[in-house]
Amino acid sequence: MLALWIVWLALTLLLIGLALYRKFEAHFHEDDLLHLAEGEERLIPNQVATARLLDRIDGWGKTLTVVDAVFGLTLLAVFLYNAWQESIKAGN
């Protein structure tokens, strides 16, 4: 059971790392201005690439959040069930 808790912890740390990566990518590379003026055309491909990268990171983040939550809740349910079973055996 300890190995499963370690896997869940690693998954949680991966999710935290992904969130930090997204935060730094957005902070250093995202440009919130809409470039329409003449001479700003060269900035548009970088904006599009950054937006696509952040969308991919967001997709992975949502998926990993659901997997992490379900895995963690399942582990907790199994742990509580085992503890309950042990308390019943100890009571007999």
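**Aromatic pairs, core and surface patch in a two-helix region**

Let me begin with two tryptophans: Trp-5 and Trp-8 both sit in helix α1, 3 residues apart, which is about one turn of the helix. Please keep in mind throughout that this is a predicted model.

How exposed are these two side chains? Trp-5 has 25% relative accessibility and therefore counts as partly exposed, and Trp-8, at 26% relative accessibility, counts as partly exposed as well. A related case is found in helix α2, where the ring centres of Tyr-81 and Trp-84 are 5.9 Å apart and the planes stand at 55°, so that this pair is classed as tilted. Tyr-81 and Trp-84 are likewise 3 residues apart, about one turn of the helix, and both belong to α2. For Tyr-81 the relative accessibility is 48%, and because exposed means over 50%, this residue still counts as partly exposed.

Taking the aromatic pairs as a whole, the count by the rule used here comes to 4. For Trp-5 and Trp-8, the ring centres lie 5.9 Å apart with the planes at 90°, and since planes over 60 degrees apart count as edge-to-face, that is the class of this pair. Trp-5 and Trp-8 also join Phe-79 in one aromatic cluster.

Let me turn now to the interior. The largest nonpolar core has 7 residues, namely Leu-11, Leu-15, Leu-18, Ala-26, Leu-54, Ile-57 and Leu-64. The elements that contribute two or more residues to this core are α1, spanning 2-29, and α2, spanning 44-91, and it is α1 that provides the largest share, with 4 residues. As general background, nonpolar side chains in soluble globular proteins tend to be buried together.

Which residues does Leu-11 touch, once its neighbours within four places in sequence are set aside? Leu-11 is in contact with Leu-64, which is itself a member of the core, and also with Val-67 and Asp-68.

Finally, I would like to look at the surface, where Met-1, Leu-4, Leu-73, Leu-76, Val-78, Phe-79 and Leu-80 form a nonpolar patch that has about 640 Å² of accessible area together. Helix α2 supplies the largest share of this patch, 5 residues, and Leu-80, one of the patch members, lies in that helix. Phe-79 is worth pointing out once more, as this residue belongs to the patch and also to the aromatic cluster with Trp-5 and Trp-8.

Technical notes
Residues are numbered from 1 along each chain as its sequence is written. This is a predicted model: local features need pLDDT of at least 70, side-chain atom pairs count only at pLDDT 80 or more; totals for chains, interfaces and linings use all residues. Side-chain values use heavy atoms; hydrogens and water are left out. A nonpolar core is a set of buried Ala, Val, Leu, Ile, Met, Phe, Trp, Tyr and Cys residues joined through side-chain atoms within 4.5 Å. Buried means under 20% relative accessible area, exposed over 50%, partly exposed in between (1.4 Å probe, protein chains only). Contact means heavy atoms within 4.5 Å. Rings of Phe, Tyr and Trp (its six-membered ring) pair if their centres lie within 6.5 Å; planes under 30 degrees apart count as stacked, over 60 as edge-to-face and the rest as tilted. Patches are made of residues with over 30% relative accessible area and no salt bridge: like charges are joined within 9 Å, nonpolar side chains (Val, Leu, Ile, Met, Phe, Trp, Tyr) within 5 Å. Accessible areas come from the Shrake-Rupley method with a 1.4 Å probe; for residues, only the protein chains shown count as cover. A salt bridge is a side-chain nitrogen of Lys or Arg within 4 Å of a carboxyl oxygen of Asp or Glu.
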